[in-house]
Amino acid sequence: MASIIHFFRNRSLDRFDYEQLINHFTELENCEIRFDDEVYEMECIDPNFDFHYRFMITKRSRVNSIYNLNPNYYNIKLLVEIPTLLPEVVSRGILIKVMELCQMFELEVYYNNKGNGVKDISPFNMASLMMFLAKERELYLEAHPEEKVYYYNRNKLVEMCNYQQMIPLLVSKINAETLANPYIIMIDNETNEVKTSVLWECGTPMFFPPHLDYVHVQEEDFMTIAPASLFMKYNERHMYEPRNFIDNVRVLLLAQRGAKKVKKNMRKLRKENVPGCRFTEIRIIDLIEK
């Protein structure tokens with residue numbers, strides 16, 4: 001299921017340059033382009049959250065009731081499909097790309113699904129579009145009660161997603177040897193609660209994100225899943241909090257010297273190992289704010 005946004009352009013402007021539009025997508029990182037006689041498809045891959053979404057240039061307009069819309073605009077037959085079940089902060093990242101397209105090519109948008117959305121072609125408005133996507137998600141879940149949904153604290157999820165989006169920047173600010181790993185999101189099979197973890201390769205320098213329940217510690221051929229509270233009890237004194245890295249998100253850095261000291265504490269942590277069979281892994285984008 002996806003929510004669709006259509007792009008329009010004022011007829012008073014110069015003729016729309018499709019070649020320039022396609023070149024824009026060709027130059028984007030993590031974008032694959034496919035086409036046939038009916039559609040030109042630009043599939044965008046989000047490397048931070050490991051999911052796909054797509055822009056499409058279609059041969060025929062796919063706008064319902066197009067003749068009821070403002071005749072001063074024409075449909076350039078470009079649309080974007082945004083997955084319905086995404087955390088809001090991730091959806092906002094897609095909308096930022098939509099905003100950039102509108103600014104670059106002087107476009108306006110239309111989005112309406114059975115009365116949810118705008119009544120006519122409108123300038124890009126982040127707040128309105130976020131409300132549209134939130135309502136689309138609500139309507140979808142009402143229509144599909146069988147859908148498995150995992151709710152999670154809104155503020156925590158925003159911070160977690162902000163951290164995950166900033167992973168490449170974190171590494172570039174320190175050095176290539178310092179790791180910043182994505183969250184491991186798990187369902188506790190005993191309690192059905194969402195639990196979070198991160199993988200630490202024992203002895204290596206790494207950033208530790210906030211809101212961890214566990215830490216996966218990889219030692220050669222053995223994996224320890226240690227409660228984060230216990231891991232930090234022994235090891236947080238060897239970490240420090242870098243300043244001005246991610247706004248309003250507290251990360252801890254375990255540097256090279258500290259990593260060697262933490263390695264010596266593994267004997268205590270192995271005794272508290274939680275078996276991996278207790279958990280079922282999902283993705284961070286499978287979580288929904290509550």
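Start at the hairpin of S13 and S14: select glutamate 220, which takes a positive phi near 45 degrees, in a hairpin with two residues between the strands. Keep in mind as you go that this is a predicted model.

**The sheet around the hairpin**

Now show strand S13 (214-219) together with strand S14 (222-227). S13 and S14 pair in the antiparallel sense, and six bridges hold the pairing. For a handy landmark, pick valine 215 and look across to alanine 226 in S14, which stands opposite.

Next, widen the selection to the whole sheet. Five strands form this open sheet, and their order is S14-S13-S11-S10-S16, with mixed pairing. Which strands are at the edges? They are S14 and strand S16 (279-282), each of which pairs on one side only. If you turn the view, you can follow a twist that averages 35 degrees from one strand to the next.

Move over to S16 and add strand S10, residues 183-188. S10 and S16 run antiparallel and are joined by four bridges. Here the pair to label is isoleucine 185 with isoleucine 282 in S16, which stand opposite each other.

Before leaving the sheet, select helix H6 (residues 228-235). H6 lies across S11, S13 and S14, and runs at about 90 degrees to S14.

**Two helices in contact**

Jump to helix H4, residues 154-165, and show H2 with it. Their axes are 9 Å apart, and the packing angle is about 45 degrees. H2 and H4 are therefore oblique to each other. To see the contact, display Glu88, Val89 and Val90 on H2, then Arg154, Cys161, Asn162 and Gln165 on H4. By class, this contact of H2 with H4 has three nonpolar, two polar and two charged residues.

**The cavity**

Stay with H2 (88-105) and bring in helix H3 (126-143): each supplies at least two residues of the lining of the largest cavity. The structure holds one cavity of 30 Å³ or more, and about 60 Å³ of space lies in the largest cavity. Select Thr84, Leu86, Glu88, Ser91, Met130, Leu133, Ala134 and Arg137 to show its lining. Which helix gives the most to this lining? H3 does, with four residues. Coloured by class, the lining of the cavity shows four nonpolar, two polar and two charged residues.

**The largest pocket**

H2 also takes part in the next stop, where strand S3 (39-46) and H2 each supply at least two residues of the lining of the largest pocket. This pocket has a volume of about 340 Å³. Of its 17 lining residues, centre your view on Ile45, Asp46, Pro47, Tyr53 and Lys97, the closest to the centre of the pocket. H2 provides the largest share of the lining, six residues. The classes here are nine nonpolar, four polar and four charged.

**The second largest pocket**

For the last stop, select Ile4, His6, Asn64, Asn112 and Asn113, which are the closest to the centre of the second largest pocket among the 14 residues that line it. About 280 Å³ of space lies in this pocket. Strand S1 (2-10), strand S7 (112-113) and H3 each supply at least two residues of its lining, and S1 gives the most, with four residues. A final colouring by class divides the lining of the second largest pocket into six nonpolar, five polar and three charged residues.

Notes:
Residues numbered from 1 in each chain as written. Predicted model: local features only at pLDDT ≥ 70, side-chain atom pairs only at ≥ 80, totals over all residues. Heavy atoms only, no water. 1 Å grid on protein atoms, 1.4 Å probe; cavity = no way out; pocket = protein on both sides within 12 Å on 5 of 7 lines; lining within 4 Å. Points joined across faces, edges and corners; volume = space filled by probe spheres on them. Nonpolar A, V, L, I, M, F, W, Y, C, P; charged D, E, K, R; others polar. Pairing = 2+ DSSP bridges. Axes fitted to C-alpha atoms, helices over the stretch in contact; angles between N-to-C directions. Contact = heavy atoms within 4.5 Å. Parallel < 35°, antiparallel > 145°, perpendicular 65-115°, else oblique.
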